[in-house]
Amino acid sequence: MIVTIVGAQLGDEGKGAVVDHYSDRAAVTVRYQGGDNAGHTVVEDDSEYKLSLVPSGAVRGNTGVLGNGCVINPRVLFAELETLRERGLDPDVRLAKRAHVVLPYHRVLDAAEEASKAATELDAGTTGRGIGPAYEDKAGRRGVRIGDLLDPSVLRRRLEYTVPRARALLEDVYGQSVAELSVEDVNVEQAFDIESLFDEYREYGTRLRDSEMVINSGRFLTDRLANDENLLLEGAQGTALDIDHGIYPFVTSSNTTAGNGATGTGLPVTTVGDGEVIGIIKAYLSRVGTGPLPTELDDVTNAAGADATAPETPPASSDQTAVAKYLRQRGGEYGTVTGRPRRVGWLDMPMLRHSARTNGFTGIAVNHLDVLAGLDEVRVAHAYKLNGETVLTMPATTDRWGDCEPVYRSFTGWPDIDWTATAQAGYSALPEPARAYLEYISEELAVQLYAVGVGPDREQTIVRVDPFEQS
Ligand code: IMP
């Protein structure tokens, strides 16, 4: 059976904790899109593993597959594998031959594109990992695929076409000079040097072949299913960051939604569709990138220093700036690398209705419920007002979305309690107002509540339904 996990909002919904729980029931954890833009933390036996490419299930003894829909930076992958091995783990990770390779010049072009867009306010606030340029090369039919790394003559042919083109783009379109540019973690000169790239990436190919890591993902996964093994498909980012269904252009460059669980792995769509699709929801909104955000609570650009003085006692819910600081502090809503504060807002139901329809959720998990605890009142954008009309889902264009005025519903808040003990006691031990909030979400989306997260640790997730038991 196949269970697909998808972020219902803007990424960072706490998918890792849910994947972690359900991966016990699966033999294979599969990523179908994205690359090392997706950071996730896995805690195992008091050890914390920060991963961006290795599927989290691989730390728990699952086979981890990076499907053909992924873009893979081998430098990052091998560094992660090495760290895991140094810590005594031996993860079994396989890469689709059809997946694309993120090369160093993709990172340089990512930085150049963002810088050139900044003046127009169209920059997406990317993670800088070269994801967009790698997918551009894929769609432009000039990308290097994992399978190409195993064949030196093909690799050389690809690089001979694509590297001079990338350099011309950098110099002639973005007006940047290779000799003068500096990009974090990249040697810019080498990034545009065919010989140096050829030597490094051919060597990755040899390592991949010697360790038998390269597969035909569709065939591999279909065989595992035929062997009666469970598969867990792990979506990265969130539905509102999907290149088609998200808040374009402030999106990532792949389809994050469940349909790509088939295209991005080579599994038949009917087989993926026969399984379960679980939407992961954060109990409020957070955002690391740019673009509109109708339920946003404050202007985060002024927040960095101010958050240090956030009130220890819960603020009145009418004081939006204080609520934002409160949520950021309690939810740890700061970028893991930069420490920059994330934008935060109230839950957005039109976004969730769009998400439930687009993905076809069969179940939902709501995380970070504990973060809202202590507030006297919790608000939710039940609908939007747009040009005098009430609308219940997101408009298809992001500019119209930015024009939407939230129509709020108010819920009674719930107290801050011992969340670990509550999680152990189960769903019925949750404060009644918290259950009312969860039941509203579930009823509005007409989807059953499968799990509730009340803290970052494994034992702080209340699992109500095991999706692998559904048929
Ligand atoms: P990219 O995926 O690095 O190209 O970034 C494009 C947009 O997606 C930016 O707004 C990023 O902030 C956002 N993004 C990418 N990966 C993640 C993630 O794992 N969590 C949250 N946002 C993300």
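Start by selecting glutamate 212 in this predicted model. Is glutamate 212 buried or exposed? Glutamate 212 counts as exposed, because its relative accessibility is 62% and the cut-off for that label is over 50%. Show the backbone there too: phi is positive, at about 50 degrees, although the residue is not a glycine. To get your bearings, look at the neighbouring elements: glutamate 212 sits in the loop between helix H7 (194-210) and strand E9 (214-215).

Next, pick aspartate 185, in the loop that links helix H5 (152-173) to helix H6 (188-191). Phi here is near 65 degrees, again a positive value in a non-glycine residue. Aspartate 185 is exposed as well, with a relative accessible area of 62%. As background for both stops, most residues other than glycine have a negative phi, and most peptide bonds are trans.

That second point leads to the next selection, tyrosine 248 and proline 249. The peptide bond joining them is cis, with omega at about 5 degrees. You'll find proline 249 in the loop between strand E10 (231-234) and helix H9 (260-263).

Now bring up the ligand and everything around it. How many residues surround the ligand? There are 16, and the closest are Asn37, Ala124, Gly125, Thr127 and Thr252. Colour that shell by class and you get 6 nonpolar, 8 polar and 2 charged residues.

Turn on distances for three side chains:

- Threonine 127 puts a polar side-chain atom 2.6 Å from an oxygen atom of the ligand.
- Threonine 252 has a side-chain N or O atom 2.6 Å from a ligand oxygen.
- Aspartate 12 has a polar side-chain atom 3.4 Å from a nitrogen atom of the ligand.

Then switch on a surface: on its own the ligand has 470 Å² of accessible area, and the protein covers 95% of that.

Last stop, the empty space inside. Rolling a probe the size of a water molecule over the atoms shows where such space is left. The structure holds 1 cavity of 30 Å³ or more, and the largest cavity has a volume of about 90 Å³. Which residues lie nearest the centre of the largest cavity? Select Leu109, Pro133, Glu136, Asp137 and Leu169, out of 13 lining residues. For the wider frame, show helix H3 (104-117), helix H4 (131-139) and H5, each of which supplies at least two residues of the lining. Coloured by class, the lining comes out as 6 nonpolar, 2 polar and 5 charged residues.

Key. Residues are numbered from 1 along each chain as its sequence is written. This is a predicted model: local features need pLDDT of at least 70, side-chain atom pairs count only at pLDDT 80 or more; totals for chains, interfaces and linings use all residues. Side-chain values use heavy atoms; hydrogens and water are left out. A residue is near a molecule or strand if one of its heavy atoms lies within 4 Å of it. A polar contact is a pair of N or O atoms within 3.5 Å; within protein, one must be able to donate a hydrogen and the other to accept it, and residues adjacent in sequence count only if both atoms are side-chain atoms. Accessible areas come from the Shrake-Rupley method with a 1.4 Å probe; for residues, only the protein chains shown count as cover. Ala, Val, Leu, Ile, Met, Phe, Trp, Tyr, Cys and Pro count as nonpolar, Asp, Glu, Lys and Arg as charged, and the others, Gly among them, as polar. Helices (H or I, at least four residues) and strands (E, at least two) are DSSP runs, numbered from the N terminus. Buried means under 20% relative accessible area, exposed over 50%, partly exposed in between (1.4 Å probe, protein chains only). On a 1 Å grid over the protein atoms alone, a cavity is a set of points where a 1.4 Å probe fits but cannot get out, and a pocket is an open set with protein on both sides within 12 Å along at least five of seven lines; lining residues have an atom within 4 Å of a point. Grid points are joined across faces, edges and corners, and a volume is the space filled by probe spheres set on the points.
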